[in-house]
Amino acid sequence: EGNHTQSKFILLGITETPWAKAPLFGLFLLIYIVTLAGNIGLMVLVWVAPSLHTPMYFFLTHFSLADVCYSTVISPKMLTDLLFGNKTISWAGCVTQFHLFALFVTAECHLLAAMAYDRHVAICHPLSYVLVVSPRACWQLVAWSYLMASLSALLYTGCTFGGSFCGPRHVDHFFCDASPVLRLVCSDTHGSEVAIFALATANGLGTSVVILLSYGRILHTILGMRSAPSRARAFRTCASHLVSVSVFYGSLFFMYLQPASRHGSRDKVASVFYTVVSPMLNPFIYSLRNKEVKAALGKCRRRM
């Protein structure tokens with residue numbers, strides 16, 4: 001007889017090899033500390049430095065906030081499981097973890113599209129930049145990102161946890177994700193899998209098309225620049241941004257845009273990239289290499 005909920009689940013974790021747990025704990029703890037320091041440091045710097053009160057850094061602040069939030073949803077539980085071996089998670093905790101993860105990851109997709117559009121207008125249409133990317137437009141784009149993320153997260157969570165769980169409680173992952181949770185559902189999951197695939201396609205492909213079109217126009221404009229140093233600097237910036245976007249979207253597409261039958265042990269490796277590695281790298285790629293950020297850091301250091 002199937003019941004709708006389980007009292008608790010058991011996360012199998014990222015590895016069951018005893019000797020690997022201590023090194024992985026040290027590595028992921030270091031990555032999590034760097035993630036928090038980099039992203040929170042960037043948010044504080046943008047807040048205290050008037051020179052960074054621009055649309056680009058406004059979007060970066062919300063982007064860093066999303067990085068901190070969904071990294072914190074995943075990493076502390078993973079670290080405690082590696083350290084203490086207590087891999088149980090309550091039903092409510094599993095639902096909450098997945099819902100918040102889906103919320104902030106989806107918001108990050110839409111924020112990346114907003115950031116790409118901002119750079120497109122700044123480089124390709126500099127004379128109309130102030131009018132197009134106004135403070136009102138910035139708030140509207142951020143509000144749209146969080147609205148779409150909230151609606152999508154509700155649908156993702158409903159599709160994932162709406163069935164009957166009557167079998168084993170072991171989730172073959174280091175956090176409550178859609179595919180390993182759906183494997184525990186006794187009822188038919190085809191409709192849920194189709195709905196999740198459609199939502200992931202709409203959010204992932206929709207925002208990635210905006211990003212690719214924006215950077216395509218940016219590269220076209222860069223090639224028309226007469227100054228070689230300006231071209232080289234713009235190419236380096238675009239290349240680093242596209243590397244970050246490729247890692248994030250590549251791992252997401254691998255996880256959510258493939259049939260359920262093809263999911264396996266490689267899912268954990270792909271999940272590490274967008275839940276652990278990408279939030280750590282983003283502050284360095286998007287901001288800490290910029291002259292404006294370095295100048296603002298220098299001013300704050302001299303003031304202190």
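The lining of the largest cavity in this predicted model comprises 13 nonpolar, three polar and one charged residues. The cavity itself holds about 220 Å³ of space. Of its 17 lining residues, those nearest the centre are Val105, Tyr156, Ala200, Leu252 and Tyr256. Helix H3, helix H7 (190-223) and helix H8 (228-256) each supply at least two residues of this lining, and H3 gives the most, with six residues.

In total, three cavities of 30 Å³ or more are counted. The second largest has a volume of about 90 Å³. Its lining is made up of Met56, Leu60, Leu112, Met115, Ala116, Asp118, Arg119, Ile211, Tyr215, His241, Val245 and Tyr286. By class, nine of these residues are nonpolar, one is polar and two are charged. At least two lining residues come from each of helix H2 (55-84), H3, H7 and H8. Here too H3 is the main contributor, with five residues.

UniProt, in an unreviewed entry, places the feature "transmembrane region" at residues 24-49, 56-78, 98-117, 194-213, 234-257 and 269-288. Two of these spans are described below.

| Span | Helix | Strand | Distance between end C-alpha atoms |
|---|---|---|---|
| Residues 56-78 | 100% | 0% | 33 Å |
| Residues 98-117 | 100% | 0% | 29 Å |

The cysteines form a separate topic. One disulfide is found in the whole structure. It joins Cys94 to Cys176, with an S to S distance of 2.0 Å. The bond links distant parts of the chain, 82 residues apart: Cys94 is in helix H3 (residues 91-124), while Cys176 is in the loop between strand S3 (170-171) and helix H6 (178-182). The torsion about the S-S bond of Cys94 and Cys176 is about -120 degrees, so the disulfide is left-handed. Cys94 and Cys176 are both buried.

Cys69 is in no disulfide, and the nearest cysteine sulfur, that of Cys109, is 15 Å away. Cys69 has a relative accessibility of 22% and therefore counts as partly exposed. Cys109 is likewise in no disulfide; for this residue the nearest cysteine sulfur is that of Cys69, 15 Å away. Cys109 counts as buried because its relative accessibility is 4%, the cut-off for buried being under 20%.

Definitions and conventions
Residues numbered from 1 in each chain as written. Predicted model: local features only at pLDDT ≥ 70, side-chain atom pairs only at ≥ 80, totals over all residues. Heavy atoms only, no water. UniProt positions renumbered as here; feature names shortened; annotations may be inferred. Helix = DSSP H or I, 4+ residues; strand = E, 2+ residues; numbered from the N terminus. Disulfide = S-S within 2.5 Å. Buried < 20%, exposed > 50% of the residue type's maximum accessible area, 1.4 Å probe, protein only. 1 Å grid on protein atoms, 1.4 Å probe; cavity = no way out; pocket = protein on both sides within 12 Å on 5 of 7 lines; lining within 4 Å. Points joined across faces, edges and corners; volume = space filled by probe spheres on them. Nonpolar A, V, L, I, M, F, W, Y, C, P; charged D, E, K, R; others polar.
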